[in-house]
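Subject: Structure for you to look at

Dear colleague,

I am handing over the structure below, and after it I describe what was found. Please keep it open while you read.

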Amino acid sequence: MQQFAQLPALKRAAVTIIAHLTSESNTALQRRTFRELDTAASGEVSQERMENFLTETMGLRLPEDWSDVLSAIRSRDGNVTYLQFLAATIPRTIYKNDESLCRMAFRLIDTKKDGRITAEELQEVFISGGISTPEVIINEVAADGAGYVDYEGFRAMMLNDD
Ligand SMILES: [Ca+2]
């Protein structure tokens, strides 16, 4: 989860899409963990519940940048949904080893189907997520001054471990 918060925003968005697309057999452990967390079966868990689970049940120490981690995965009301949890905990090998998932995610964001993801498209696709700085997000990944991310750049971003 700590690593998830440090990913470029475009990659976090792509991983969230991939978490949606990947088969359930790939995410059985995550599903089980979330079910343990979500005792009310409401599909989301509170920040407090998440913290208690990690520290008391799992015996972990919260990372120093825990507030960054949380702001990367929680929704506006402060809760963490299953999809957000899944995106933050999905093993990288799932999309590293299965390029078709990367292609699907790229195509979903490239709404004009011209092989380039632009700030405008990012805004369109994630309008509900309230992306306020699509240009910044694109330029974080795009080649200098290009203003878009092509599939090659997208794939490289997904394979990059930073
Ligand atoms: Ca496009």
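Domain bounds here come from an automatic or database domain assignment, and on that basis the protein chain is divided into domain 1 (2-90) and domain 2 (95-159). This is a predicted model, in which local features need pLDDT of at least 70 and side-chain atom pairs count only at pLDDT 80 or more, while totals for chains, interfaces and linings use all residues. Residues are numbered from 1 along each chain as its sequence is written.

The centres of the two domains, taken over C-alpha atoms, are separated by 22 Å. Their contact (C-beta atoms, placed from the backbone, within 7 Å) takes 10 residues from domain 1 and 13 residues from domain 2.

The largest nonpolar core, meaning a set of buried Ala, Val, Leu, Ile, Met, Phe, Trp, Tyr and Cys residues joined through C-beta atoms within 7 Å, has 33 residues. Buried means that 20 or more other C-beta atoms lie within 10 Å of a residue's own, whereas 12 or fewer makes it exposed and anything in between partly exposed. Among the residues with the most contacts inside this core are L10, A14 and I18, and the core draws at least three residues from each of domain 1 and domain 2. Its largest share, 7 residues, comes from α2, where helices (H or I, at least four residues) and strands (E, at least two) are DSSP runs numbered from the N terminus. Leaving aside its neighbours within four places in sequence, A14 is in contact with A105 and M158.

Best wishes

How values were computed: Two residues are in contact if their C-beta atoms, placed from the backbone, lie within 7 Å.
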